[in-house]
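Here are some friendly notes to read alongside the structure. Keep the 3D view open and find each residue as you go.

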Amino acid sequence: MSEPIAIHAPLTSRVGVAGFTVGIVIVGIIAVAAIIGNQLVPHDPFTQDLGNRLKPPFWMEGTQAGHLLGTDQLGRDYLARLVYGARISLLIGIMTVITSGLIGITLGVLGGFFGGRIDDAVLFAITTRLSIPVVLVALAVVGLMGSGLGLVVATLGLLLWDRFAVVARATTMQIRSLDYVNAARCAGASTSHLLVREILPNIASHLAVVATLEMALAILLEAALSFLGLGVPPPLPSWGLMIAEGKDYMFFSAWVIMVPGVALFVLVLGINLVGDGLRNLLGSERSR
């Protein structure tokens, strides 16, 4: 039984590194495009030109020079809107992870470190959150309070903290009695010092994996909300909104939903590859 372990461990490590590398490249390219892409694309994502409606992209007949990915139903440049949409998707993913991470990590670390009634309260909060259907609650909140970038981030952040709490609690319980934590406690370190300097740095790698998963989920949920008209309000070019706006033309100009759909798929794939690569790398390090 020892030979398969010796064979598969390096293989798992190589697969993890390869997936992590591919994911970093994908996310890095999209991030760079989101940051500086509008400086490279000569068109404004909001400028309408009804005389150039639904021009096809460069790989189809009838394309127009200057519009690499064609134009939408209002004559707006699709590449410019796609680049701007990447900025919105990444912003929502990052801000949602920050919001949900602050809530979940705080609850999880406090529950795992102190135990007792505090842990019981944290477990009750986690159980309550897990009983709430995220999509339905997000639809209800955004539908009642109106669409908006800030509201979408706040709603998703308040609904996606449970994984952070579960992982933070479990890992904190594992290391709270280790020698280096006890040594710091015996040296007179305060509780805040133990939590910030001893606990958090040693669970950060596990939380980073959770952050990638939550970021991908937040981007997909935002796209779903925008597709239903309850996410980012127009004329902001959210990828979900671009798919929703193009669904009426999908049988005659399929690329209007294919382009943002593929972009959304590639971004979520890249983020998941980063998370899966981190998980494999952490697993291979623990097995050594």
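**Notes on the salt bridges, helices and cores**

1. Let's begin with charged pairs. A search of the whole structure finds seven salt bridges. Please keep in mind that this is a predicted model, and every distance below is computed from it.

2. Four residues make a good starting point: D72, R76, R81 and E245 are joined in a network of salt bridges. Within this network, R76 and D72 pair through their side chains, with N and O 2.8 Å apart. D72 also forms a salt bridge with R81, at 3.7 Å from N to O.

3. Are these charged residues buried or exposed? Both R76 and D72 are buried. For D72 the relative accessible area is 1%, and buried means under 20%, so D72 falls within that class. R81 is buried too, with a relative accessible area of 1%. The remaining member, E245, is one of the buried residues of helix α9.

4. Now look at a salt bridge elsewhere. E214 pairs with R163, and their closest N and O atoms are 3.4 Å apart. This pair links distant parts of the chain, since E214 sits in helix α8 and R163 in helix α6, 51 residues apart. The two partners have their own surroundings: E214 counts as buried at 2% relative accessibility, whereas R163 is partly exposed at 38%.

5. Helix α2 covers residues 78-114, and its length can be checked. At 1.5 Å a residue, its 37 residues should span 54 Å; the C-alpha atoms at its ends are 53 Å apart, which agrees. Try tracing the helix by eye, and look out for a kink of about 25 degrees centred on G101.

6. Both ends of α2 deserve a look. At its start, a side-chain oxygen of D77 comes to within 3.3 Å of the backbone nitrogen of L79. Just after the helix, G115 adopts a positive phi of about 65 degrees.

7. Next, helix α9, residues 239-246. How many of its eight residues are buried? Eight of the eight are, and the helix is mostly covered. Among them are W239, L241, M242 and I243.

8. W239 brings us to the nonpolar interior. The largest nonpolar core has 39 residues, and I199 and W239 are the ones with the most contacts inside it. Helices α1, α2, α6, α7, α8, α9 and α10 each give two or more residues to this core. Of these, α8 gives the most, with 11 residues.

9. What does W239 touch, leaving aside its neighbours within four places in sequence? W239 is in contact with I30, L82, G85, A86, S89, P260, A263, L264 and L267. There is also a second, separate core of 14 residues, which includes I88, V152, L159 and A218.

10. Finally, pick out S89, a residue of helix α2. S89 is buried, with a relative accessible area of 1%. Not counting residues up to four places away in sequence, S89 touches I219, E222, W239 and L267. Two of these names may look familiar: W239 also contacts S89 and L267 in its own list. Finding S89, W239 and L267 together on screen is a nice way to finish your tour.

Key
Residues numbered from 1 in each chain as written. Predicted model: local features only at pLDDT ≥ 70, side-chain atom pairs only at ≥ 80, totals over all residues. Heavy atoms only, no water. Buried < 20%, exposed > 50% of the residue type's maximum accessible area, 1.4 Å probe, protein only. Helix = DSSP H or I, 4+ residues; strand = E, 2+ residues; numbered from the N terminus. Expected span 1.5 Å × (residues − 1). Bend = angle between axes of the 7 residues up to and from the residue. Polar contact = N/O pair within 3.5 Å; in protein donor to acceptor, adjacent residues only side chain to side chain. Core = buried A, V, L, I, M, F, W, Y, C linked by side-chain atoms within 4.5 Å. Contact = heavy atoms within 4.5 Å.
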